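Me: I would like the terms used for this model set against their cut-offs. Please take them one at a time.

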Amino acid sequence: MNHLAQPAPKVEAAMVGNAPRVEEAKTDHARVVEPATVEKAKAVGPAVLFDGKRDAPTAKEATKERGISVKALRGTTGADFESVAALLRGAPKKNFLKKYLSLFFDERDFVSFGEVKRFVIIKGECCFVFLDDSDIQPLYAIPLDEVNAIMEDPKCPDKFSVTISPTSTNGTKDDFKTVLLKYCKDGSHAYQATFDISKDASAAKRFFDVVQHSTKTKTVTSSIFHAKAIGKEAAKAQPTNDR
């Protein structure tokens, strides 16, 4: 039996519809823009290198910015020296008999260590004197460029110094070592700093060495600039005499 293919289905003729109407494209007119203007650069002075002596802050500026506590004076580089000491300014006052009859009245004056106990910290060319290391400002400052340090001989004490006695009954005079500060200009007595070497055997020697080398050339940091500015102002508060 022969297999015959089926006839193709009848297809309608293709019809093309009208294209949809599209509105005419419109373009906005370009806006008028004002011409660009370039301002002249402002005149700037020539760069100037930092000068420590010229640009260091004044005492008031330094006090306001950094304070003058022990912590502030230490800065980031630490202090040159710090310790507790019995500190006195000037020679002891003598009454009429001691002054004119010194041959008969040659006994030395005595002061208790605790009576004149201070906390001293040296930064740069200044020795700052505090009642305690927690105080927010010093009592005064000693300009170290004005004095020379002398280690007192305990067997032959300076006639202008005072003997420091122990605060407690357990201490002895051998526990103390005194460094004298004499004015450079005339050698007169300025201060005495007495250290308890039973608690810190090297304190007096370190103080002596730092004072003697405080004015020599060294690396100057920002905290030393601040200390110098503050010290100049604080030096005005030095006592006339502690006795």
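**Terms and values**

Reply: The hairpin of β8 and β9 has five residues between its strands, and in it Gly187 takes a positive phi near 75 degrees. The model is predicted, so local features need pLDDT of at least 70 and side-chain atom pairs count only at pLDDT 80 or more, while totals for chains, interfaces and linings use all residues. Residues are numbered from 1 along each chain as its sequence is written, and side-chain values use heavy atoms, with hydrogens and water left out.

Me: What is counted as a helix or a strand, and how many of each are in the protein chain?

Reply: Helices (H or I, at least four residues) and strands (E, at least two) are DSSP runs, numbered from the N terminus. By that count the protein chain has six helices and nine strands.

Me: What makes β8 and β9 a pair?

Reply: Two strands pair if DSSP finds at least two bridges between them. Seven bridges join β8 to β9, and the two run antiparallel; the criterion of at least two is therefore met. Within this pair, Lys182 stands opposite His189, and Val179 has Ala193 as its bridge partner. On β1, Leu88 is bridged to Gln192 of β9, where β1 and β9 pair in the antiparallel sense over four bridges.

Me: How do you know which strands are at the edge of the sheet?

Reply: The open sheet has seven strands in the order β5-β4-β3-β1-β9-β8-β6, with antiparallel pairing. β5 and β6 each pair on one side only, and these are the edge strands. The neighbour of β5 is β4, joined to it by four antiparallel bridges, with Cys126 opposite Pro143. Ignoring direction, neighbouring strands of this sheet are turned by 35 degrees against each other on average (axes are lines fitted to C-alpha atoms, for helices over the stretch in contact; angles run from 0 to 180 degrees between N-to-C directions).

Me: Why is Lys182 classed as buried or exposed?

Reply: Buried means under 20% relative accessible area, exposed over 50%, and partly exposed in between (1.4 Å probe, protein chains only). Lys182 has 8%, so Lys182 is buried. Lys182 is in strand β8.

Me: And what makes Ser165 fall into its class?

Reply: Ser165 has 22% relative accessibility, which means partly exposed. Ser165 is in strand β7, residues 163–165. For the whole protein chain, 33% of the 243 residues are buried.

Me: What makes the link between Lys182 and Asp158 a polar contact?

Reply: A polar contact is a pair of N or O atoms within 3.5 Å; within protein, one must be able to donate a hydrogen and the other to accept it, and residues adjacent in sequence count only if both atoms are side-chain atoms. The side chains of Lys182 and Asp158 are joined at 3.2 Å.

Me: Which residues is Ser165 in contact with, neighbours within four places in sequence left aside?

Reply: Contact means heavy atoms within 4.5 Å. Ser165 has Val111, Ser112, Phe113 and Phe176 as such partners. Val111 is 54 residues away along the chain, yet the two C-alpha atoms are separated by 5.9 Å.

Me: Why is there talk of a nonpolar core, and which residues touch the most other members?

Reply: A nonpolar core is a set of buried Ala, Val, Leu, Ile, Met, Phe, Trp, Tyr and Cys residues joined through side-chain atoms within 4.5 Å. The largest such core has 24 residues, of which Leu87, Ile122, Ile142, Leu181, Phe195, Phe207 and Val211 touch the most other members. Its largest share, five residues, comes from α5. Apart from this core lies another, of twelve residues, including Ile68 and Phe119.

Me: How do you know that the length of α6 agrees with its number of residues?

Reply: The expected span of a helix is 1.5 Å times one less than its number of residues. For the 13 residues of α6 that gives 18 Å, and the end C-alpha atoms are 18 Å apart, so the two agree. Helix α6 packs on the sheet, touching β3, β4 and β5, with its direction at about 65 degrees to that of β4.
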